[in-house]
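Trainee: I have a structure open and want to learn how to read it. Where do we begin?
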Amino acid sequence: MQEEIRLPGHVLCPGCAGAIAERLIFNTLGRNIILFGGGVCASGGAANATVPSFSLHFSGVGAGAAGIAAALEAKGVKDVTVVAMNGDGAISDIGFSKLSACAERGDNIMQFCMDNEAYMNTGIQRSGLTPWGAWTTTTPKGKQVGRKKDLPMIMASHNIPYVATLSPAYPKDFTTKVSKAAGIEGFKYLHVMVPCPTGWRFSFDKTIEVARLAVQTGIWPLYEVDQGVLRITQVVKERKPVIEYLKLQGRFRQLGEKETQTIQVSVDEASARLQQMDGKRIY
Amino acid sequence: MATKKLLDGNHAAAYGVKLVRAEVLGIYPITPQTELANQLADFVASGELKAKYITVESEHAAMSVCAGGSAAGARVFTASSSQGIVFMEELLWQVPGMRLPVVMAIVNRSIAFPGSLRTDHNDSLLQRDNGWIQMYCENAQEIIDACIQAYKIAEDSRVYLPTIFAYDGYVISHTAMPVEIPDQEDVDAFLPPYRHEYVYLDPKRYKPVITHEPHSEVGMEYRFQMEEAQNNARSVIEEVDREYGKMFGRSYGGPVEKYRCEDAEAVLVTMGSITGTARVVVDEMRREGKPIGLVKLRVFRPFPVEEMQEIGRNVRAIGFVDRNISHGSAGGGVGTVETARALYTLDERPVLIGFYAGLVGKDVVPGDIRYMAERTLKAAETGKAERQVEWIGLRKQAESVQVKV
């Protein structure tokens, strides 16, 4: 039987994908890690992990982990993996310069972005990774300005050795990517979709269904950029219409047919772009 | 055999960091600290200092690197000034609370607006409330000594608090003097490798450590323990300075140095580079038979309460030369206000005058010192201060505008 690194139970909301994702991450990596996590609510569950962990505030992001990695290097410790885990707000907004700098310097860190598409810890405020159209408490009519930043591609353009998108609905794909990243020296970026029943307004027994539909509709494509070469790791033969994903979530309730169509068009375009890049060196 | 080199303050600090064998450096350049950042990069590049130098993208990241590095068991260092210190402020509260013995040089520079590249002490004194130990250096020799002492103090298990050694931008950072550089083996003997008893990130000896916000039920107890550590630091600072003196032949009299205070009726209290100028003026005035003395405040945190009380018992007037401002304070800069509290419990208190001097890089010249000394002597004579707070070297026009308003 596989050893559980996380203690049973958690302080997160029922149905939180963060707990599922963390379990997959920790059980794949084992105990020989040091965890660095900002105050993201998904990482709030990291308090349950029986591994050494260290936190700064939201704005800390990668730099604290860079310090840990530097200390290990200075001490000649080679067998310990530094795992940094931050939310989409920390990663894409308040700590973005740090993330970018860690990538540019090539700090030896495995950086996870736990993306629940808003500042969930403070009460569902919009972030740079909130999708267009989504309701949050600071976008009461839906996010009308700005699309979700394409952070995996932004990170890939830093020429780092490994970038991947992950979904808790595809655990084999998920853990394969984590294992692969663990064996790579330098800055690795793993962007995890973390469906949030509380913030996205869906029933807490639908977490995996929402996560799976995000992949099947093309909204959350699963791919990796390994040494600059992009590869789609979960091929979706026939994409489902985005409405199937949107209609499960109260945060998209205010969208009419026109807005839904706008999202469909943009997902179609993004999917086509990704298809063109499949198997090719993009950076 | 210790060697002597002509070094300015920034290079002296770099030699200090090399001698303590700092293992992780996270530094972002800012004037007037830049030569320190550059010299350390050279030491690392040449292999003279075996450290991992992280060229961070901001001061906020610099202190984040120090926090992570220190928690993971490395001896760490950073340095900054002015806006950089303000930018890292969030971390400057986290690091002492985590009881991480980070050491930082602050090359004092005024904070905008109105700011300048030149010195005053508001950047370091802004950190007076968050748990950092603070030392102020008078010259380049003291910097190298303070740097080595800072690690010894911070890493003492009775203390485990981060420590700042501060020195005035340009006046000290860019002014060269012959500096005695201690031998590596002596420093190694004085300062053993860093090993934290309680906080460490090591999968092989895992235990849960609260490094994020503790519950409100224990937060106040955290603060209490940090205050105990500040109190412990008073004797640790004395011990370390004495031990340093035995080993290297230089000590600084603990947290304050009294200069020509014997039979003094009045004393000026100074911090940093003004002290050097004040020594000359005090010598001059002593030759004229005037009973003036000088107190150099070397340690601001923990504030040397007993030492200041002892001085307060023996003089009739104290003039505190504050190279910082606390707008809207009870009267004077933070040095004056702290001193007032320290003296308050005395049965007989000396007169206390707060002098604002050298703010936003204004030069403090011997004439200014003499003026402050004369004013303090006069207060000693009459038993009262004509003005509780005085501004030194203010342009006449500004002063008259102030009066009119």
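Mentor: Begin with one residue pair. In β6(A), K188(A) is the bridge partner of Y162(A). Keep in mind that this is a predicted model.

Trainee: In which sense do strands β5 and β6 of chain A pair, and over how many bridges?

Mentor: The general idea first. Strands of a sheet pair through backbone hydrogen bonds, either parallel or antiparallel. Here β5 (residues 162–166) and β6 (residues 188–193) of chain A pair in the parallel sense, over 5 bridges.

Trainee: Which helix packs on that sheet, touching β1, β2, β3 and β4 of chain A?

Mentor: Helix α3 (residues 61–74) of chain A does. The direction of α3 makes about 175 degrees with that of β3(A) (81–87).

Trainee: What is the strand order of the open sheet in chain A?

Mentor: Read across the sheet, not along the sequence. The order is β2-β1-β3-β4-β6-β5-β7-β8 (chain A), 8 strands with mixed pairing. β2 (53–54) and β8 (229–232) of chain A each have a single partner strand, so one side of each is left without a neighbour in the sheet.

Trainee: Now chain B. What is the order of its 7 strands in the open sheet?

Mentor: Use the same reading. The order is β3-β2-β4-β5-β7-β6-β12 (chain B), again with mixed pairing. The edge strands are β3 (52–54) and β12 (299–301) of chain B, each pairing on one side only. From one strand to the next, the twist averages 20 degrees.

Trainee: How many bridges join β2 to β3 in chain B, and which way do the strands run?

Mentor: There are 3 bridges between β2 (residues 24–26) and β3 of chain B, and the two run parallel. Find V24(B) on your screen: K52(B) in β3(B) stands opposite.

Trainee: Which strands do helices α2 and α7 of chain B touch?

Mentor: Take them in turn. Helix α2 (residues 34–46) of chain B packs on the sheet against β2, β3, β4 (76–80) and β5 (103–108). The direction of α2 makes about 140 degrees with that of β3(B). Helix α7 (residues 140–154) of chain B touches β5, β6 (133–136) and β7 (163–168), making about 165 degrees with β7(B) in direction.

Trainee: How do I read a helix pair? At what angle do α10 and α13 of chain B cross?

Mentor: Look at distance, angle and hand. The axes of α10 (residues 274–287) and α13 (residues 366–382) of chain B come within 9 Å and cross at roughly 60 degrees. Therefore α10(B) is oblique to α13(B). The crossing is right-handed.

Trainee: Which residues of α10(B) and α13(B) meet?

Mentor: T277(B), A278(B), V280(B), V281(B) and M285(B) in α10(B) meet P366(B), I369(B), R370(B) and A373(B) in α13(B). By class, that contact has 7 nonpolar, 1 polar and 1 charged residues.

Trainee: How many residues does each chain give to the contact between A and B?

Mentor: Count each side separately. Chain B gives 31 residues and chain A gives 32. On the chain B side, β2, β3, α3 (59–71) and α5 (89–97) each supply at least two. The largest share, 9 residues, comes from α3(B). By class, the chain B side has 15 nonpolar, 11 polar and 5 charged residues.

Trainee: Last one: where do the domains of chain B lie?

Mentor: Domain 1 is 3–248 and domain 2 is 256–404, according to the domain assignment. Their centres are 28 Å apart, taken over C-alpha atoms. The contact takes 28 residues from domain 1 of chain B and 20 from domain 2. On the domain 1 side, α9(B) (216–248) gives the most, with 5 residues.

Definitions and conventions
Residues are numbered from 1 along each chain as its sequence is written. Chains are lettered from A and ligands numbered from 1 in the order in which they are written. This is a predicted model: local features need pLDDT of at least 70, side-chain atom pairs count only at pLDDT 80 or more; totals for chains, interfaces and linings use all residues. Two strands pair if DSSP finds at least two bridges between them. Helices (H or I, at least four residues) and strands (E, at least two) are DSSP runs, numbered from the N terminus. Axes are lines fitted to C-alpha atoms, for helices over the stretch in contact, and angles run from 0 to 180 degrees between N-to-C directions. Two residues are in contact if their C-beta atoms, placed from the backbone, lie within 7 Å. Ala, Val, Leu, Ile, Met, Phe, Trp, Tyr, Cys and Pro count as nonpolar, Asp, Glu, Lys and Arg as charged, and the others, Gly among them, as polar. Angles under 35 degrees count as roughly parallel, over 145 as roughly antiparallel, 65 to 115 as roughly perpendicular and the rest as oblique. A crossing is left-handed if the near helix is turned anticlockwise from the far one by less than a right angle, and right-handed if clockwise. Domain bounds come from an automatic or database domain assignment.
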